[in-house]
Amino acid sequence: MRRVQVGIVGAGPAGLLLAHLLRQAGVDGVVLEAKSRQYLETSPHRIRAGVLEWGTKEIALKAGVGDRMLHEGLEHRGIYIALNGRLHRIDFATLVGQGIWVYGQQYLVRDMINHHLQAGGEILFEHEVVDLKQLEQNPILIYRGPGGEEGELLCEFVVGADGSHSRFREWIPGLRIYQKTYPFAWLGILAETPPAASELIYASHERGFALYSMRSPSLARNYLQVSPEENLETWPEERIWEELNLRLGGVAQLTPGPILEKSLTLMRSLVVEPMQHGRVFLVGDAAHVVPPTGAKGMNLAFCDVAVLYRALLAYYRDRDETLLASYTETARRHIWQAELFSYWMTKLLHTLPDPFEEQIRLANLRHLVESPHVQRFLAENYVGVYTSGRYAVAFPSPPG
Ligand code: DHB
C-alpha cells in the first residue's frame, strides 16, 4: 500500500492551497480529485465568486501562487448599494483603511494547479475517494481511479477538502450540523459587456435583489434573486438583461452582450462541528457553507487552511500536537463570523416573503446607507476580519 504524510481529498481552493504550502515546507502530500483537470479549470459549473479579501490576496502571494492574480486582478476600494434609484457608496478605504481584490476563484484554482504541478506536487485527477478507514490512527483513503481500479493510500493525516457535498460528513461519526436554507436562489450569468460601473453594485429592488459584478474590464458577472424552483428556460437572454436593468433602477445601464454562462445557485448556511476526528481534518466548504452574498466562501477556506497549515507545521517540525488538538476551536471563530456576515448580507438585500420582515429589512437597509457606523460593520466584514488586521489568523510564511 502506498504511504504519504498528508492525503488531501479535493482540488478546490482549500485543498490546493494546503497541498502547495505543505510541499514548500517539505511535507509530503497527495491530492485526490474526483473530477478531471479540464473540468475544474473550464467548466461553467465551477464558476464561483470573484472577490478576495485583501488578506486572502496576501496569503495567495505569500504562498507563491498569486502572480497572475496580481497582474490580472483589480483593486476595489468600496462597493455600491443601490436603493430606490440611488447609489450609495460604502467606502472601504475610508471606513477601514483597506480594499478588496477582484479575481475569479476559478482562475485562482487554475493558477494553483499550475504552480503546484510545476513545483513537482502530485494531484491525482479523476480519482474518487470512496471510503475512509482508521480515522483515529493511520487513516486509509480508498479510491477509485479513472479506469475503475481501486487503490488505497495510507496517510498520517487526511484532510477533507471535497466541497459543499463532502463525503466526510458520512465518514466522521458524531458530527453536529447547524444549517439553514433561504427561500430564494440566484440566477447568475457571465457575459461579455462593457463595464457599467467601476465597482460592484448590490441592488435592492421590490422585484428582488440584483448584483452587478465583474471578472475583467470586458466580462461582467451578474445575479438576479429568483425562486429556488426557477426554471432557467423561462429566462431567455432579453428577459435577463431587461430584469437586471430594471432592478438596477437606473443607477447603471448594462449593455446586452453574449451570455457565456447561465446558472442557478441555491442558498444555504451550514456548519459542521467538530471539524476534526482523530487524524482527519475538514477544511473549506466540506466543513461549512455560506450563501453567496458577500462572497465569503473561498476567503473562509483560506482562513481554515492558514490555521491547519500552522498546526501541521508545528507537528512536523516539533511533534507538537497542541495546535492540531485546538483546530476546531480556533477555526470556529472565523467561521461563525463569516456565517454571521453572509446571513446578515443575505437577509439585508433579498426581498422577503413575510411583509413584516420585509419592512424590517428595508429599515435596516436605510440605516446602513445613512449610518457610517453600520457601514463600518459591513466594510470590516467585507474586507475580512480574520485574514488581516488585529484578529488575523496567524499565517506562517512558507520556508524559502
Ligand atoms: C460575486 C459573487 C458574490 O457572491 C458577491 O457577493 C460578489 C461578487 C461574483 O461572482 O463576482
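**Exercise 1. Classify both partners of the salt bridge between glutamate 58 and lysine 57 by exposure.**

Solution.
- Step 1. Glutamate 58 has a relative accessibility of 30%, so this residue counts as partly exposed. The structure is a predicted model, and the values here are computed from it.
- Step 2. Lysine 57 stands at 5% relative accessibility and therefore counts as buried, the cut-off for buried being under 20%.
- Step 3. The two side chains meet with an N to O distance of 3.3 Å, which is within the 4 Å limit for a salt bridge.
- Step 4. Lysine 57 is also listed among the buried residues of helix H3, which spans residues 54–62. The others are Trp54, Gly55, Thr56, Ile59 and Ala60.
- Step 5. Just after H3, glycine 64 has a positive phi of about 80°.

**Exercise 2. Which salt bridge partner is exposed and which is partly exposed in the pair of glutamate 170 and arginine 167?**

Solution.
- Step 1. The side chains of glutamate 170 and arginine 167 form a salt bridge at 3.0 Å, N to O.
- Step 2. Glutamate 170 counts as exposed because its relative accessibility is 54%, and the cut-off is over 50%.
- Step 3. Arginine 167, at 29% relative accessibility, counts as partly exposed.

**Exercise 3. Where in the chain do the partners of the salt bridge between glutamate 243 and arginine 207 lie?**

Solution.
- Step 1. The closest N and O atoms of glutamate 243 and arginine 207 are 2.9 Å apart.
- Step 2. Glutamate 243 belongs to helix H8 (residues 237–248), while arginine 207 sits in the loop between strand E13 (201–204) and strand E14 (210–216). The pair links distant parts of the chain, 36 residues apart.
- Step 3. Glutamate 243 is buried, with a relative accessible area of 7%. Arginine 207 is partly exposed, at 46% relative accessibility.
- Step 4. For the whole structure, the search finds 19 salt bridges. Arg89, Asp91 and Glu199 are linked in a salt-bridge network.

**Exercise 4. Describe the largest cavity by volume and lining.**

Solution.
- Step 1. Three cavities of 30 Å³ or more are found in the whole structure. The largest has a volume of about 110 Å³.
- Step 2. Its lining has 14 residues, with Glu53, Lys296, His334, Ala338 and Val385 nearest the centre.
- Step 3. Helix H9 (297–318) and helix H11 (327–349) are the elements that give two or more residues to this lining. H11 supplies the largest share, four residues.
- Step 4. By type, the lining of the largest cavity has six nonpolar, six polar and two charged residues.

**Exercise 5. How many residues has the largest nonpolar core, and which have the most contacts inside it?**

Solution.
- Step 1. The largest nonpolar core has 84 residues. Ile8, Leu18, Leu141, Phe168 and Leu308 have the most contacts inside this core.
- Step 2. H9 gives the largest share of the core, 15 residues.
- Step 3. Take phenylalanine 168 as a sample. Leaving out residues up to four places away in sequence, phenylalanine 168 touches Val9, Leu132, Val158, Val159, Gly160, Asp162, Leu175, Val280 and Leu282.
- Step 4. Another core, of 56 residues, lies apart from the largest one. Among its members are Ile90, Leu200, Leu368 and Ala379.

Definitions and conventions. Residues are numbered from 1 along each chain as its sequence is written. This is a predicted model: local features need pLDDT of at least 70, side-chain atom pairs count only at pLDDT 80 or more; totals for chains, interfaces and linings use all residues. Side-chain values use heavy atoms; hydrogens and water are left out. On a 1 Å grid over the protein atoms alone, a cavity is a set of points where a 1.4 Å probe fits but cannot get out, and a pocket is an open set with protein on both sides within 12 Å along at least five of seven lines; lining residues have an atom within 4 Å of a point. Grid points are joined across faces, edges and corners, and a volume is the space filled by probe spheres set on the points. Ala, Val, Leu, Ile, Met, Phe, Trp, Tyr, Cys and Pro count as nonpolar, Asp, Glu, Lys and Arg as charged, and the others, Gly among them, as polar. A nonpolar core is a set of buried Ala, Val, Leu, Ile, Met, Phe, Trp, Tyr and Cys residues joined through side-chain atoms within 4.5 Å. Buried means under 20% relative accessible area, exposed over 50%, partly exposed in between (1.4 Å probe, protein chains only). Contact means heavy atoms within 4.5 Å.
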